[in-house]
Structures are given as structure tokens and as C-alpha cells.
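Visitor: Please take a close look at one part of this model for me: its sheets. I would like the strands, their pairing and whatever packs on them.

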Amino acid sequence: MSAEQVVDAVRAAVGRVSDPELRRPLSELDMVREVRADGDAVRVEIALTIVGCPAADRIEQDVRAAAERAAGSTPVALEIGVMTPTQRKALTERLRGSRAMPFGPDSLTRVIAVTSGKGGVGKSTVTANLAVALAQHGLKVGLIDADVHGFSIPALLGLSVDGVAPSPTQVGDLILPPVAHGVKAISIGMFLQRPDEAVAWRGPMLHRTVQQFLTDVFFGDIDVLLIDMPPGTGDIAISVGQLLPHADVLVVTTPQAAASDVAVRSGLVARQTGQKVIGVIENMAALTLPDGSSLALFGEGGGQAVAAALSSAEAEVPLLASIPLSPALRQGGDAGDPVVVSHPDDAAAHAIAGVAAQLAAEPRRLAGRRLPVSLA
């Protein structure tokens with residue numbers, strides 16, 4: 001190849017390298033500053049988004065490997081720089097787009113809020129495993145930990161180390177969520193300095209936090225956004241209802257009446273804001289013992305009772321799954337190793353995978369939405 005052909009080949013190869021945090025090609029992010037012949041070598045100049053970019057080593061390795069493959073026997077000289085504030089601002093504006101709320105009614109991302117009437121029913125564990133199971137179906141999944149006071153998603157996904165969640169990379173005022181098991185996740189726990197630090201906020205701060213997670217976190221083009229809601233019908237439930245009135249809702253309960261009676265209320269409040277209750281998940285259902293008998297430690301029938309109470313003549317609310325008590329599910333939560341990954345043959349993993357399969361098979365509803373196309 002001529003020197004010009006080598007340069008063109010290297011430019012194309014480097015441009016296809018993906019930023020591991022933004023999940024987009026470097027050429028699309030304007031991170032390839034220059035590719036030119038420099039004596040007998042090809043010089044490649046890359047601009048990272050920020051100083052100290054956590055993905056710098058990975059990007060350098062990937063760019064060098066791609067450039068050397070394309071250059072063949074021609075030596076490659078790689079220079080790594082950093083975007084100027086103006087360049088970084090232009091990038092964040094382009095990534096954010098013109099929408100103040102990327103998950104509004106016209107979005108093609110399906111938003112599913114997972115709620116419960118009370119705490120302690122395993123809602124967050126179910127949500128984390130459901131997110132991973134959806135990613136296993138090939139969907140692009142985002143997860144917001146909206147349980148600000150009781151955040152647990154970073155630990156459940158294995159993102160926390162010694163109780164400390166990773167700090168997200170920030171490019172200007174854009175927040176890049178960490179990724180675990182193919183799920184992009186954000187939590188208030190990622191912004192705290194100590195693992196034992198508590199969040200003691202009231203309504204306005206809670207509303208602002210949820211709003212920022214929806215608008216300032218760059219999830220990119222995702223198929224599903226799950227929101228792990230706090231239990232009950234408090235400030236965040238109202239805020240999410242106001243910000244995302246078109247969202248679908250899953251209600252999690254345990255079989256006992258003390259949980260199921262309260263769980264109905266969370267579904268009713270969601271419906272009052274315009275959200276649609278698409279199903280009920282019963283957690284901690286009967287456990288099958290080694291001798292074949294079953295142990296209904298928390299009783300029976302609560303999930304079906306919630307589904308029946310939330311059903312109407314206009315729409316039936318199904319019981320999507322009864323997840324049995326499972327040591328593997330509990331152990332996976334403590335270890336940050338979701339059961340759908342660590343023990344896919346476990347009965348609890350099977351139940352959660354079944355819900356994911358049902359959700360993955362349902363197309364995103366486009367009725368009434370403005371599609372991003374125009375007629376010439």
C-alpha cells in the first residue's frame with residue numbers, strides 16, 4: 001500500500017475503536033484528532049475526554065492494536081492528549097441531545113419501575129437479577145437505584161469493593177454509569193465517601209436526585225430502563241410518577257398478607273399518576289425441600305391476591321412469577337454475584353429468567369409516540 005492508503009486504513013481502524021465507557025466509536029466522539037504520515041511511520045493523535053480518564057489504558061491499548069493491524073509493517077507512533085473544555089462541552093451537548101428528558105413519552109426506551117408496598121421483600125434483589133437477565137437476552141439495559149435511603153444496587157451487581165461503590169466518570173456535567181454484567185447502573189451510593197454514610201434527605205432533594213439520574217446520566221440508546229423504587233408511596237414514588245407518567249410498573253410482594261395488602265397500595269398510587277401496572281412478582285414463595293416436600297415459610301397466595309386486587313375489567317394484571325426462597329439467591333446478593341449468572345439452574349434464577357423472557361418478548365409500544373423520522 002502507498003503511504004496515503006496506509007494512513008486511510010489506520011484512520012478507519014482507529015475510528016472504529018469503541019470508548020468502553022461511552023460505548024461509541026472514537027470517530028463518532030471526535031476523539032481521533034489526527035492520523036498522518038510522519039517520516040516512515042504513521043502518527044495517530046487521540047484526545048481523551050478528561051484528565052485521568054479511567055478508560056485511558058484500555059483506549060490506548062485498543063487504539064494501538066487497531067492501528068498496528070491496519071498499518072501492517074509500517075511503524076505506529078501514538079500520542080494521547082485531552083479534549084479542551086470547548087471540545088468537551090460540544091461532545092456532552094451532542095451526547096445529551098436536545099431532549100431535557102431522554103426517557104419522555106416519545107422515547108423508544110421502555111421504562112419499568114419496580115416497586116413494593118414495604119421493605120424487606122427482596123425488591124432490589126429481584127430488580128438487579130431481572131436487569132442482568134434482560135441483558136442476557138441481548139437487550140441494552142439501564143438501571144437506576146432510586147431507593148436513595150436504602151440503596152443496594154451497587155453491592156447486588158458486584159460493583160462495590162469492601163462496601164464502597166465506584167465513583168462514576170464525569171465528562172463536564174454528564175455522568176457515565178458504571179457497567180456490570182452488561183447493565184449500566186447508577187446509585188446515590190456511588191457519590192458517597194464512606195460505605196457507612198447515610199443519606200438523610202427530604203422531598204425536594206429526593207426529587208432533584210431522581211431528576212438528575214434521568215437527565216444527567218448518559219445511558220445512551222438503551223432498550224429498557226429499570227428503576228428500583230423505594231418501598232411505599234412516598235416522595236420518590238410521586239416524583240417518578242410526575243417525571244415518567246408513561247412508565248410501566250412491576251409490583252413485588254411476598255406471599256404473606258402483611259406484605260401483599262400493602263403492596264396493592266403501591267400499584268394503586270402508580271396507576272393514579274398514569275403509569276401502567278404490568279404484573280406482580282411474588283418473592284420468597286414456597287421452598288422445595290430435598291425430600292420433595294415444600295416449605296411455605298411466608299405463607300401462600302399473596303402474589304395472586306395482589307394481582308387480583310390490581311386487575312380490573314379494563315386490564316388484567318398477571319402474576320408473572322413466584323420466586324421460591326433460595327439460598328443461592330441470597331448468597332448471590334451478599335456476594336455481588338447475581339443468581340441468574342452464578343446459578344442459572346437454580347429455581348429462583350429460572351423464575352426470574354422467565355419474567356425477563358416475557359418482558360423481552362413484548363415489543364415497545366409505539367402507539368401515540370412521535371417517531372424520529374420525517375417525510376422528505
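Guide: What follows goes through the sheets one at a time. The model is predicted.

Start with the sheet of three strands. It is open, and its order is 1-2-3. The pairing is mixed. Strand 1 (32-38) and strand 3 (76-82) are the edges. Each has a single partner strand, so one side of each lacks a neighbour in the sheet. From one strand to the next, the twist averages 15 degrees.

Now the pairing of strand 1 with strand 2 (residues 41-48). The sense is antiparallel, over six bridges. Val35 faces Val44 of strand 2 across this pairing.

Two helices belong to this picture. Helix 1 (residues 3-16) lies across strand 1 and strand 2, at about 155 degrees to strand 1. Helix 2 (residues 56-71) packs on the sheet and touches strand 2 and strand 3. The direction of helix 2 makes about 150 degrees with that of strand 3.

Next, the sheet of eight strands. It too is open, in the order 8-9-5-10-4-11-12-15, with mixed pairing. Its edges are strand 8 (179-180) and strand 15 (319-324). Both have a single partner strand, so one side of each is without a neighbour in the sheet.

Within that order, strand 5 (residues 141-145) pairs with strand 10 (residues 224-228). This pairing is parallel, over five bridges. Gly142 stands opposite Leu225 in strand 10.

Helix 4 (residues 123-136) packs on this sheet. Among the strands it touches are strand 4 (110-116), strand 9 (183-187), strand 11 (248-253) and strand 12 (276-285). Helix 4 runs at about 170 degrees to strand 10.

Methods: Residues are numbered from 1 along each chain as its sequence is written. This is a predicted model: local features need pLDDT of at least 70, side-chain atom pairs count only at pLDDT 80 or more; totals for chains, interfaces and linings use all residues. Side-chain values use heavy atoms; hydrogens and water are left out. Two strands pair if DSSP finds at least two bridges between them. Helices (H or I, at least four residues) and strands (E, at least two) are DSSP runs, numbered from the N terminus. Axes are lines fitted to C-alpha atoms, for helices over the stretch in contact, and angles run from 0 to 180 degrees between N-to-C directions. Contact means heavy atoms within 4.5 Å.
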